[in-house]
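User: I've got a model open and a pile of labels to go with it. Could you walk me through what earns each one?

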Amino acid sequence: MSVLDQLTNRDQVFDFLAPEASPVDVRHGPILYMEDVSVSFDGFKAINNLNLTIDDGELRCIIGPNGAGKTTMMDIITGKTRPDTGSVWFGSRHNLLNMNEPDIASLGIGRKFQKPTVFEALTVFENLELAMAADKRILPTLTAIMKPEYRDQIDEVLEMIGLQSLRDRPAGILSHGQKQWLEIGMLLMQKPRLLLVDEPVAGMTEQEMERTAELLTSLAGKQSVVVVEHDMGFVRSIAREVTVLHQGSVLAEGSMDQVSNDPEVIKVYLGEEA
Amino acid sequence: MTSSNMWLLRPLQERSTQIFLGLLTAAVVVVTILHLATPEGSALHVSAYTVTLLGKYLCYALLAVAVDLVWGYLGILSLGHGAFFALGGYAMGMYLMRQIGDRGVYGDPILPDFMVFLNWQELPWYWHGFDMAWFAFAMVLLVPGALAFVFGFLAFRSRVTGVYLSIITQALTFALMLAFFRNEMGFGGNNGLTDFKDILGFDLRSDGTRLGLFIATGIALAVGYVVCRGIVTSKLGRVSVACRDAEARTRFLGYRVERVQLFVFVVSAMLAGVAGALYVPQVGIINPSEFSPLFSIEIVVWVALGGRATLYGAVIGAVLVNYAKTVFTGVMPDAWLFALGALFVLVTVFLPKGIAGLLQKRRKATDDDGANAQEVAA
């Protein structure tokens, strides 16, 4: 925002004129509600009448073959892509289609991309420190002090992601799996209500996968988590609810057993692997 | 102690800063004592010439620290920091010119000699105020700061980084050099500003003033070092490193990367301006050659030799290279640039982290031994 914008922003002149910061309203259950969403790129319908509801505190896995629209769906939720039609609500108060990326992020939707990016020159602790929800303008950042409660908050997340022993080591020495966990930890520092996790176990060893499954299941309940994943074994190990996407819309929804016995699903997706 | 100045005090509790400040103080005190207390002609005597030479090295050291702040910690390779140095120098030079008063060759009480020579009738508007020390000293900070602000605002907002930014900074200093070469600019053309008489009432040719300037430069270097160290050890410093290594990711965490870059860049430019301002009264002249692109590249070589992202490495690099330059240009003037080039290549190949990297490796080796011993004991 330019200086001019700040000066002409009439909302900021008097405090009582400022729009009320309204908390996310989940009294009616769902934290994310997508209805009849469609988006097409050059005539290709990436998302086609998608309906999806995520409950507060739920852990949901989304699977589907390549090109099923999983990443596009994430882009729509985080505000990166605008749908042509449909509506997307966060709780029952926030219409995500009226908001831009940083606003959506600060509202409490965190996204982890496929490739982990951590700050390799900084320690694990410092990585989490930078990610912490705080005033991120220049002078407050310059004069910021590490308060004991912040330290506790970071240590808590460190314990969750199991990297306490590497607390003061540079993030550059972490293994691929550890970097993924650190990145999930960085998301957690931002205190999101809804976590979108894109292919968390790609390239991980068996043990790392197990550890990741534990981590993600332990998050559910406190946060709502949406996991997009290819690895069926991994999905089976964490999923309570699975949504199968195909050609931009929901093909099936239910428990892993229900879904994997669905003849339609077997035809388009599971059949290929079996 | 309020929380808002904590960032400035933090470095003082840090061992490396204490060592640096201790060594710097010791060096300044020893030189002062050797200059004042030993008779001329004694083997231990430090002549006024040497004092001024050392003062010049300290100016370069401060300049190198400023470059290391943006290059080492923010990843912005500025090949134009000579411009901020020279602007600070010109601001000081204008003050010194106005101090000459009617003692110039033409004896004009207001106009500097070169203006009389060019038949100018009155002082250009931008020369007003420079007869007052406080105004001139403020300009030493404000002019380089303002240029860095405007330049950085445009460049960082358009997300110009990497090689492209380096090239633009190089173009910036080159353009300024060409501008300052013109007589019509009113900065003395290619002769620059010179023939200074006194500063704050002290005669610039007296040994006492020279010693005073040397000590002032030592203090400026200490303060500049602590300010930079304060920034890099603050959370903002860690955000800078984050911007350096993964700009997009930092933006995604909610930091305004362009503002971080702008802030650090402006601070660095101001420090460079102070270095230039202290340099001018000691060498007695400022001319457009300080804007030369080559000089700016040389600064980067000092920092690279000393070791990036350490700050004290920049000081070591600046002092060592310039000492070598003094020695070499005395013995074999033609060979200096070859020697500098060779040194740069050798250090890049064998000491990628510079001289500071060598020191760190040493310390780490002893630290690791200690840690291993502890583990064994546990």
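**What the labels rest on**

Analyst: Sure. This is a predicted model, and in chain A buried residues make up 41% of its 274 residues.

User: How do you know that a residue of chain A belongs in that buried 41%?

Analyst: By counting neighbours: a residue is called buried because 20 or more other C-beta atoms lie within 10 Å of its own. In chain A, 41% of the 274 residues pass. Chain A also has 11 helices and 10 strands. Of its contacts between residues at least 6 apart in sequence, 68% join residues at least 24 apart.

User: What makes helix 11 of chain B close to the expected span?

Analyst: The expected span is 1.5 Å times one less than the number of residues. Helix 11 of chain B, residues 257-283, has 27 residues and reaches 39 Å from its first C-alpha to its last, against an expected 39 Å. Just after this helix, B:Gly284 takes a positive phi of about 85 degrees.

User: And why is helix 11 of chain B called mostly covered?

Analyst: Because a residue with 20 or more other C-beta atoms within 10 Å of its own counts as buried, and 23 of the 27 residues in helix 11 of chain B are buried.

User: What makes the 175 residues a nonpolar core?

Analyst: They qualify because they are buried residues of the nonpolar types allowed in a core, joined through C-beta atoms within 7 Å. This is the largest nonpolar core, and B:Leu62, B:Leu63, B:Ala64, B:Val65 and B:Ala275 have the most contacts inside it. Helix 11 of chain B supplies the largest share of this core, 17 residues. Leaving aside neighbours within four places in sequence, B:Ala64 has contacts that include B:Ile299, B:Trp302 and B:Val315.

User: How do you know that chain A and chain B are in contact?

Analyst: Two residues are in contact if their C-beta atoms lie within 7 Å; 18 residues of chain A meet 21 residues of chain B that way. Helix 4 of chain A gives the most to the side that touches chain B, with 4 residues. That side of chain A divides into 11 nonpolar, 3 polar and 4 charged residues.

User: Which way does helix 6 of chain A cross helix 7 of chain A, left-handed or right-handed?

Analyst: Right-handed. The axes of helix 6 and helix 7 of chain A come within 9 Å and cross at roughly 145 degrees. Among the residues making the contact are A:Val157 and A:Leu158 of helix 6 and A:Trp181 of helix 7. The contact residues divide into 9 nonpolar, 1 polar and no charged.

How values were computed. Residues are numbered from 1 along each chain as its sequence is written. Chains are lettered from A and ligands numbered from 1 in the order in which they are written. This is a predicted model: local features need pLDDT of at least 70, side-chain atom pairs count only at pLDDT 80 or more; totals for chains, interfaces and linings use all residues. Helices (H or I, at least four residues) and strands (E, at least two) are DSSP runs, numbered from the N terminus. Ala, Val, Leu, Ile, Met, Phe, Trp, Tyr, Cys and Pro count as nonpolar, Asp, Glu, Lys and Arg as charged, and the others, Gly among them, as polar. A residue is buried if 20 or more other C-beta atoms lie within 10 Å of its own, exposed if 12 or fewer, and partly exposed in between; C-beta atoms are placed from the backbone. Axes are lines fitted to C-alpha atoms, for helices over the stretch in contact, and angles run from 0 to 180 degrees between N-to-C directions. A crossing is left-handed if the near helix is turned anticlockwise from the far one by less than a right angle, and right-handed if clockwise.
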